[in-house]
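Hi everyone, and thanks for making time. I'd like to walk you through a structure that may be new to you, so let's bring it up on the screen.

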Amino acid sequence: MAEFDPNPPFQEYAHPERLVSAPWLSARLGVNGLRVVEVDEDSLLYDIGHIPTAIRINFQTELLDSTTRDIINEEAFAELLRSKGIERDDTVILYGDKSNWWAAFALWVFELYGHPDVRLLDGGRDAWMSEERDTSFMVPEPTTSSYPEVTRDDSARVFVDELRSSEATLVDTRSPEEFCGEATRESGNGESPYGTTMTYGHIPGAANLEWDRAIYPNGCFRALSELKVNYGELEPATETILYSHVGAQAAHTWFVLKYLLGFDNPRVYDGSWAEWGNMVRMPVER
């Protein structure tokens with residue numbers, strides 16, 4: 001396990017060990033036992049330059065099941081990490097585009113499988129590139145690892161049947177326009193970057209706390225004092241369920257609540273609006 005990043009702003013957070021800064025990572029690239037993984041929404045970005053030594057995980061083809069709308073099972077997760085050369089005791093640093101949307105989702109998946117040390121690069125790909133740090137076009141060819149098959153723990157996850165009967169605090173992390181049912185309705189055909197949703201609006205009882213209230217314009221996380229204000233209407237000791245369109249923004253906010261603010265029990269409804277908005281006779285608010 002790699003040493004933790006002593007970056008002073010991180011030390012205010014509940015779990016500073018879950019973040020690394022660009023300077024910290026830049027000084028440790030290539031260190032044995034430290035694996036850097038890029039996870040983007042736009043999978044082509046990796047090909048036009050990535051952090052040196054970084055490998056790529058495609059969230060759509062490698063983290064999600066190809067036949068069932070679910071994340072990959074225990075066997076597939078072990079096979080994936082073996083193919084990427086990641087060992088169970090490696091420190092895994094995740095980063096990506098969109099201020100780490102899918103990198104946070106990947107971290108959430110790694111957490112479901114109990115990987116001991118997985119961290120997020122503050123600011124993600126955009127922050128690294130904007131600082132004009134070293135990039136590479138070389139695609140590493142890792143040696144197959146011996147990653148074990150482990151049981152997945154879905155306790156940080158919520159399925160629709162449980163959600164319908166839950167009394168937890170429900171948070172929609174999409175934009176206010178999506179929350180109100182305006183953004184997709186205005187397009188006329190219901191198209192979104194993630195596919196078609198048949199109805200527009202939000203789950204009844206949900207509060208709208210857009211995911212980006214956690215970050216500065218450069219994609220880095222806001223100071224703890226600002227996060228406490230921006231998420232002040234939530235109770236850290238109360239179970240909080242997060243959803244978005246397909247789960248990425250929800251996972252990003254889950255990371256903020258759990259590791260930066262220290263909430264007791266944030267959980268992700270990864271079925272999110274893509275599931276709820278396409279099911280028959282589901283209640284919808286606008």
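Let me begin with a question: which residues does Phe221 touch, not counting residues up to four places away in sequence? Keep in mind as you look that this is a predicted model. Phe221 touches Tyr13 and Leu19, then Leu120 and Asp122, then Ala214, Ile215 and Tyr216, and finally His252, Phe255, Val256 and Leu260.

Phe221 is a good way into the interior. The largest nonpolar core holds 58 residues, and Phe221 is among those with the most contacts inside it, together with Leu94, Trp108, Tyr231, Trp254 and Phe255. Which elements give two or more residues to this core? They are helices H2 (59–63), H3 (74–83), H4 (101–112), H9 (224–230) and H10 (248–260), plus strands S4 (91–95) and S5 (118–121). H4 gives the most, with ten residues. This core also draws at least three residues from each of domain 1 (8–131) and domain 2 (160–277). There is a second, separate core as well, made of 14 residues, and Val158, Leu163, Tyr243 and Trp273 are included in it.

Now a word on those domains. The chain is divided into domain 1, residues 8–131, and domain 2, residues 160–277. Their C-alpha centres lie 21 Å apart. The contact between them takes 22 residues from domain 1 and 29 residues from domain 2.

Let's turn to H4. Is H4 largely enclosed or not? Twelve of its twelve residues are buried, so H4 is largely enclosed by the rest of the structure. If you'd like to find them on the screen, the buried residues include Trp101, Trp102, Phe105, Trp108 and Phe110, and Glu111 is one of them too. What covers them? The cover includes helices H2, H3 and H10, along with strands S4, S5 and S9 (266–268). We can also check the length of H4: at 1.5 Å a residue, its twelve residues should span 16 Å, and the end C-alpha atoms are 17 Å apart, which agrees.

The stretches on either side of H4 deserve a look as well. As background, most residues other than glycine have a negative phi. In the loop between S4 and H4 we find Ser99, and it has a positive phi of about 55° although it is not a glycine. Asn100 is found in the loop between S4 and H4 too, and its phi is also positive, at about 80°, again without being a glycine. Are these two buried or exposed? Buried means under 20% relative accessible area. Ser99 counts as buried because its relative accessibility is 12%, and Asn100 is buried with a relative accessible area of 1%. Just after H4, Gly114 takes a positive phi of about 65°.

Next, the sheet. In what order do its strands come? Four strands form an open sheet in the order S7-S6-S8-S9, and the pairing is parallel. The edge strands are S7 (207–208) and S9, each of which pairs on one side only.

Let's walk across from the S7 edge. S6 and S7 pair in the parallel sense over two bridges, and the bridge partner of Val171 in S7 is Ala207. Moving on, four bridges join S6, residues 169–172, to S8, and these strands run parallel. Here Val171 stands opposite Leu242 in S8. Then S8, residues 240–243, pairs with S9 over three bridges, in the parallel sense. The bridge partner of Leu242 in S9 is Val268. One helix to look for here is H10, which lies across S8 and S9 and runs at about 165° to S9.

I'll finish with one more residue, Val229, whose place is in helix H9. Is Val229 buried or exposed? Exposed means over 50% relative accessible area. Val229 has a relative accessible area of 64%, so it is exposed. Val229 and Arg213 are 16 residues apart in sequence, and their C-alpha atoms are 10.0 Å apart in space.

So, to recap: the largest nonpolar core has 58 residues, H4 gives the most to it, and four strands form an open, parallel sheet. Thanks for listening, and I'm happy to chat afterwards.

Key. Residues are numbered from 1 along each chain as its sequence is written. This is a predicted model: local features need pLDDT of at least 70, side-chain atom pairs count only at pLDDT 80 or more; totals for chains, interfaces and linings use all residues. Side-chain values use heavy atoms; hydrogens and water are left out. A nonpolar core is a set of buried Ala, Val, Leu, Ile, Met, Phe, Trp, Tyr and Cys residues joined through side-chain atoms within 4.5 Å. Buried means under 20% relative accessible area, exposed over 50%, partly exposed in between (1.4 Å probe, protein chains only). Domain bounds come from an automatic or database domain assignment. Contact means heavy atoms within 4.5 Å. The expected span of a helix is 1.5 Å times one less than its number of residues. Two strands pair if DSSP finds at least two bridges between them. Axes are lines fitted to C-alpha atoms, for helices over the stretch in contact, and angles run from 0 to 180 degrees between N-to-C directions.
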